[in-house]
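Open the model in your viewer and keep the selection tool at hand. The tour goes from a contact between chains to a helix in one of them, then to the confidence scores.

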Amino acid sequence: MPIIDVHRLEKTFPIKKHRTGAMGSIASLIRGDNGGEFTAVNNVSFKIERGEMVGYIGPNGAGKSTTIKMLTGILVPTSGEATIAGLVPWEKRKQLAQKIGVVFGQRTQLWWDLALIESLELLRHLYRVPEERFRENLATATDLLGLGEFLHTPVRQLSLGQRMRGDLAAALLHDPEILYLDEPTIGLDIVAKEAIREFLITLNRDRQTTVLLTTHDLDDIERLCPRIIVIDHGEVMYDGQLASLKSRWGGRRQLIIDYAGDPDAAIASMGNGDMAVTEVDGPRVTIAFDRDEISAPDVLTRASAFGEIRDMSIQEPEIEDVIRRMYDGSIPAGM
Amino acid sequence: MYLELAKRSFQQQFAYRAATLAGLFTNSVFGVMLSSVYLALYWDKADGVSVAGFTAQQTVTYTWLGQALIMPVVFWGWWLIVDTIRTGTVVMDLLKPMDFFRFWLSRDLGRAAAQVITRGVPTLLIGALLFDLVWPESWQRWAAFLISVPFAVTVSFCLRFMMNLWGFWLLDHRGISSIMLVVSGVFSGHLLPIAWYPAPIRDLLNVLPFRSMLMTPVEIWLGQISIVHGLSLQLFWTTVMIGASYALLQVAERKVVVQGG
């Protein structure tokens with residue numbers, strides 16, 4: 001049975017339309033603002049198995065956070081069903097809270113005035129975590145996230161990266177089965193991002209924690225999520241393996257060849273559908289090719305006819321490109 | 001677990017030393033001003049003559065008790081929950097396996113306990129140094145007064161809690177603020193003793209819950225009401241207010257619309 005099972009979830013919000021001018025404000029005051037409805041999430045369905053790590057991605061306002069809020073139970077959907085760890089979230093919010101951990105990148109659940117360790121202690125009581133379990137989890141988090149140096153610092157004095165690591169530790173004290181992460185690496189430097197990613201990978205591997213993560217950072221996706229769900233305008237556009245999205249739609253790998261001298265000018269017209277020269281820059285030539293059509297050594301062999309090759313490298317298609325093209329509509333939706 | 005929350009909140013209050021001193025100063029200045037005005041009004045009256053049940057000395061005592069309880073009980077300007085709705089912190093609070101009402105109540109009681117120590121007792125001591133106050137006549141009255149303060153805080157908290165829950169709909173508190181000022185500033189008896197109002201208003205205020213926030217504790221202190229009557233009145237209103245808070249919370253939670261994201 002999937003740990004997250006979402007079926008035809010929909011959420012609409014009323015739009016507040018503010019009338020302009022003095023008379024308009026008075027009219028709104030009397031009659032209220034009513035400007036129709038906005039569908040934030042539309043007919044979204046997916047299933048996630050225990051231990052999966054799934055990226056939930058899409059542009060701003062696509063409906064990512066609205067979905068997450070419904071899956072945690074703080075937002076009631078307009079229609080549709082969801083079962084999270086066997087519970088309907090908006091009916092059993094408090095019960096579900098024991099089973100999930102949530103990190104919103106732009107919010108904190110730590111107490112501003114208290115030292116990090118005191119916030120964590122308080123959460124231990126809120127979640128009724130046994131003392132011994134708490135010690136173990138704190139030790140693991142301290143070790144993997146390097147909390148040691150700021151455990152006794154008031155939360156308001158922590159840097160964004162430190163606070164984020166603290167929040168992550170806080171969300172995991174009660175051994176949740178599911179971890180929701182909303183933009184966990186937003187605004188962080190490379191080192192902090194990497195620490196958080198390493199931690200999530202370890203967590204998922206050692207404890208089989210199911211992770212659902214929204215992000216704009218496609219490196220997060222590349223490093224963490226074998227499976228992605230792409231959402232736009234409230235609708236699921238793609239749900240599947242990241243690798244197959246790349247190979248089927250991101251299509252083309254690139255072979256970059258450095259010739260010993262300038263290659264034969266005829267190279268520009270090399271290939272026929274299975275590969276194409278995309279750039280010639282002096283001795284450096286970039287060739288895009290389809291991995292299903294032709295192998296890299298074959299491309300290399302054919303390229304060697306145009307000059308002496310000194311060096312080469314292969315670039316995998318970038319997920320950014322794939323998704324950008326998907327948003328542009330050049331990839332059929334709902335494949 | 002709620003005790004832990006109260007404890008942290010209690011500790012937190014001691015972090016603001018400058019604010020405490022400034023507040024103490026303000027309370028004392030108001031205490032002196034109001035006491036002086038009342039004493040002037042009583043000037044031509046013989047000792048022991050009372051106006052609507054209050055002698056000059058009792059009125060001054062009422063004034064200082066009112067000042068001493070401003071911070072612990074909180075009569076206006078408390079919008080912490082609305083703030084969390086605006087900043088989105090409420091999302092994190094709702095995501096914890098706890099009772100939202102008790103979460104805030106326990107924190108508020110912790111805060112109040114700290115402010116009895118940092119603001120209440122010192123204000124009253126300053127009043128006692130400057131004026132001749134009436135003290136509870138027996139240890140039973142002392143004890144009853146000490147019990148009546150947490151009741152007062154709880155009734156006030158429920159009122160504030162419900163006012164804040166309006167924020168779930170309005171997402172703003174300026175409108176409610178002015179209502180709150182009347183309800184808890186006037187109806188509690190903080191502006192003037194309830195006994196001083198003309199009959200219809202007085203009778204109305206006497207059957208509303210808000211007198212439990214100040215008037216009833218003061219009457220217990222002054223011996224104007226029997227201990228059993230005073231405390232049972234407060235117990236009754238505390239129960240009603242808690243019930244009302246939960247009822248409103250249920251409606252509000254159902255209607256939850258969290259901003260942002």
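## Stop 1: where two helices meet

Select A:Glu118, A:Leu122 and A:His125 in H4(A); they meet B:Glu4, B:Leu5 and B:Arg8 in H1(B). By class, the residues of this contact are 2 nonpolar, 1 polar and 3 charged. Keep in mind that this is a predicted model.

Now widen the selection to the helices themselves: residues 116–126 of chain A for H4, and residues 2–13 of chain B for H1. Their axes lie 9 Å apart and make an angle of about 155°. Angles over 145 degrees count as roughly antiparallel, so that is how H4(A) and H1(B) run relative to each other. Turn the view to look through the pair: H4(A) passes H1(B) in a left-handed crossing.

## Stop 2: a covered helix

Stay in chain B and select residues 215–222, helix H11. Are its residues mostly covered or mostly open? Mostly covered: 8 of 8 are buried. Among them are B:Glu219 and B:Trp221.

Next, show what lies over them. The cover includes three helices of chain B: H3 (56–73), H7 (139–165) and H12 (227–254). Then step just past the end of H11(B). B:Gly223 has a positive phi there, about 80°.

## Stop 3: confidence

Colour chain B by pLDDT. The chain mean is 88, and 97% of its residues reach 70 or more. Which elements of chain B mark the extremes of mean pLDDT? H7(B) has the highest, 95, and H8(B), residues 167–170, the lowest, 73. For the complex, the predictor gives an ipTM of 0.76 and a pTM of 0.80.

Key
Residues numbered from 1 in each chain as written. Chains lettered and ligands numbered in written order. Predicted model: local features only at pLDDT ≥ 70, side-chain atom pairs only at ≥ 80, totals over all residues. Buried ≥ 20, exposed ≤ 12 C-beta atoms within 10 Å, placed from the backbone. Helix = DSSP H or I, 4+ residues; strand = E, 2+ residues; numbered from the N terminus. Contact = placed C-beta atoms within 7 Å. pLDDT = per-residue confidence, 0-100. Axes fitted to C-alpha atoms, helices over the stretch in contact; angles between N-to-C directions. Parallel < 35°, antiparallel > 145°, perpendicular 65-115°, else oblique. Left-handed = near helix turned anticlockwise from the far one by under 90°. Nonpolar A, V, L, I, M, F, W, Y, C, P; charged D, E, K, R; others polar.
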